[in-house]
Structure formats: structure tokens, C-alpha cells
Amino acid sequence: MAWWMYPALVVAGVGGGLVGAVGGVASLVSYPALLAAGLAPVTANVTNSVALVFSSAGSIAGSRAELAGQGRRLRWLVVAAVAGGVAGGALLLLAPAGSFELVVPGLIAVASAAILLPRRPAAAGHERRWALFGGVFLVGAYGGYFGAAAGIMMLALLLALTAEPFARGNAMKNVLLGSANAVAAVAYAVFGPVHWLAVVPLGIGGFIGGRIGPAIVRRSPPEALRVLIAVLGLGLAVTLGWRTYR
């Protein structure tokens, strides 16, 4: 890579970390930046996955206030997310994701629209634990198998099946996706063609952006954030649909 791409990747990392911490679509910024830097698609994909670990670390560090009191619940949900990520990664080795691309735009569109659905007050104090565990496992498996907009899907699930306010649900999403992504990143670091010189600037920027993101969520109107996330997700669904079906 040319020398000027390194500071550019720091900037892209900050943007990706911010978008990931707020909306769960970090790769919308970071992955194209790696392609623009000249990395091949496969190398860009695994490099991006490893760099996103730093983005997740930043968002978790910035979400300590929202994560307070959620340790017990998160312990068993992290198990579901990691198990799902491992299952999805194993499935990818057995069945290439090419055919799955046909349904991904629809899945992203549904999850994005679900973000906008009004929440039912009756859900307060009555969480469907097994439905939540199974849903987190399935989203983790999706993330390990394909990954596009897994953050939006996880956030939609958490808002639907828990009584937590938006900021606390978003903080849970960052922990769960970060845990699942860390497992995949370890495998990529050992077996994948990671471009480590690109991981460093992208990871630094991602940590900064991820650290700032929760503060933005904390100070922003939840309804406005829900609309923003839905728009980003629907935009990604349309983009992927156009590439898949044209």
C-alpha cells in the first residue's frame, strides 16, 4: 500500500467504529476502504474482521454505564453468540455462501424495518429467555456464515425480546457481536491471509470510533437513532440486492 493509505485507514477506522457502535454496520465503511487500499477481496474480508475486534473493544469500553447490571444475562448470551459464530464459520467451510446471497438482502430489509416497530410495554419484566438465547445463536451463526448487517439483526432481536431501552440494548449488541467476531478473528489470524500492516491503522481508528459511538447513542434521541439505523440497513439491503439480482 502507498504510505498515504495508512492515515486514510485510520480515518476509515474511526468512521467504521462510529457506525458500528451506533448502527452495527461498521463494514459498510471499513471493508470498502481496504478494497480501495488495493487489498484483494478475501484478504480485505479477513483483515477487516480482525480489525473490527478493536472497534468492538472500544465500543464495549465506552458502554460501561449501559452495561451495568447486565453481567449475569450477558454471560449466557455471550455463550450463545460465540456458539453461533463457530457454527456459522463451520457451515461456511462446508457450504459456500454464494447461494445464501440471494436471501441476504431480504433478511437485512426485514431486520431494518423491525427496528422501527413500536415496542410493547407488556414485554417489561417478562423476557423470553429461550427465544432470546436461540435468536442470539442464530444471528451469531449468520454473522459467522455471511455477516452483512449482523449488528442490525442483533439489535432488532434484542429490542424485540427484552425490555431494555435503546442505549442498553445497543450496548448488549456490541458485546455479543464483539465476542462472536473475536472468535472468528482468532481463526483468521491463524489460518487467513491477514494484512497486518492494514490491521494496525484500521484497528486504531476503529477503537477510537467505537469508544466515541456509545457517547453519541447516550446523548441522542432513541427514535432518531432507530430511523437512522433503519435507513442505513435498508440502503445496504438495496445495494446488495442490486448487486445480486442485476
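**Close-up views of side-chain pairs and one helix contact**

**Figure 1. Tryptophan 130 is exposed, with a relative accessibility of 73%.** The model shown here and in the views that follow is predicted. Exposed is the word for a relative accessible area over 50%, and the 73% of tryptophan 130 is therefore enough for that label. Phenylalanine 133, at 26% relative accessibility, counts as partly exposed. Tryptophan 130 and phenylalanine 133 both belong to helix H7 and stand three residues apart, which is about one turn of the helix. Their rings form an edge-to-face aromatic pair, with 6.0 Å from centre to centre and 65 degrees between the planes.

**Figure 2. Tryptophan 76 and phenylalanine 133 form a stacked aromatic pair.** The structure holds two aromatic pairs. In the pair of tryptophan 76 with phenylalanine 133, the ring centres are 6.1 Å apart and the planes differ by 20 degrees. Planes under 30 degrees apart count as stacked, so the 20 degrees of this pair fits that class. Tryptophan 76 sits in helix H5 (residues 71–94), while phenylalanine 133 sits in helix H7 (residues 129–145). The pair therefore ties together parts that are 57 residues apart in sequence. Trp76, Trp130 and Phe133 make up one aromatic cluster.

**Figure 3. A salt bridge joins arginine 218 to glutamate 66.** The structure holds four salt bridges. In the one between the side chains of arginine 218 and glutamate 66, the N to O distance is 2.6 Å. Arginine 218 is in helix H10 (residues 196–219) and glutamate 66 is in helix H4 (residues 64–67), so this pair ties together parts that lie 152 residues apart in sequence. Arginine 218 is partly exposed, its relative accessible area being 37%. Glutamate 66 counts as buried, at 8% relative accessibility.

**Figure 4. Arg73, Glu164 and Arg168 are linked in a network of salt bridges.** Within this network, the side chains of glutamate 164 and arginine 168 meet at 2.7 Å, N to O. Glutamate 164 has a relative accessible area of 13% and is buried. For arginine 168 the relative accessible area is 21%, and this residue is partly exposed. Buried means under 20%, so arginine 168, at 21%, is not given that label.

**Figure 5. Glutamate 223 forms a salt bridge with arginine 226.** The closest N and O atoms of glutamate 223 and arginine 226 are 3.2 Å apart. Both residues are in helix H11 (residues 222–245); they are three residues apart, so about one helical turn separates them. Arginine 226 counts as buried, at 7% relative accessibility.

**Figure 6. Helix H1 packs against helix H9 at an angle of about 120 degrees.** Two packed helices are described by the angle between their axes and the distance between the axes. Here H1 covers residues 5–23 and H9 covers residues 166–191, and their axes are 8 Å apart. The angle of about 120 degrees makes H1 oblique to H9. On the H1 side of the contact are Gly20, Ala21, Val22 and Gly23; these meet Asn170, Lys173 and Asn174 of H9. By type, the residues of this contact divide into two nonpolar, four polar and one charged.

How values were computed: Residues are numbered from 1 along each chain as its sequence is written. This is a predicted model: local features need pLDDT of at least 70, side-chain atom pairs count only at pLDDT 80 or more; totals for chains, interfaces and linings use all residues. Side-chain values use heavy atoms; hydrogens and water are left out. Rings of Phe, Tyr and Trp (its six-membered ring) pair if their centres lie within 6.5 Å; planes under 30 degrees apart count as stacked, over 60 as edge-to-face and the rest as tilted. Helices (H or I, at least four residues) and strands (E, at least two) are DSSP runs, numbered from the N terminus. Buried means under 20% relative accessible area, exposed over 50%, partly exposed in between (1.4 Å probe, protein chains only). Axes are lines fitted to C-alpha atoms, for helices over the stretch in contact, and angles run from 0 to 180 degrees between N-to-C directions. Angles under 35 degrees count as roughly parallel, over 145 as roughly antiparallel, 65 to 115 as roughly perpendicular and the rest as oblique. Contact means heavy atoms within 4.5 Å. Ala, Val, Leu, Ile, Met, Phe, Trp, Tyr, Cys and Pro count as nonpolar, Asp, Glu, Lys and Arg as charged, and the others, Gly among them, as polar.
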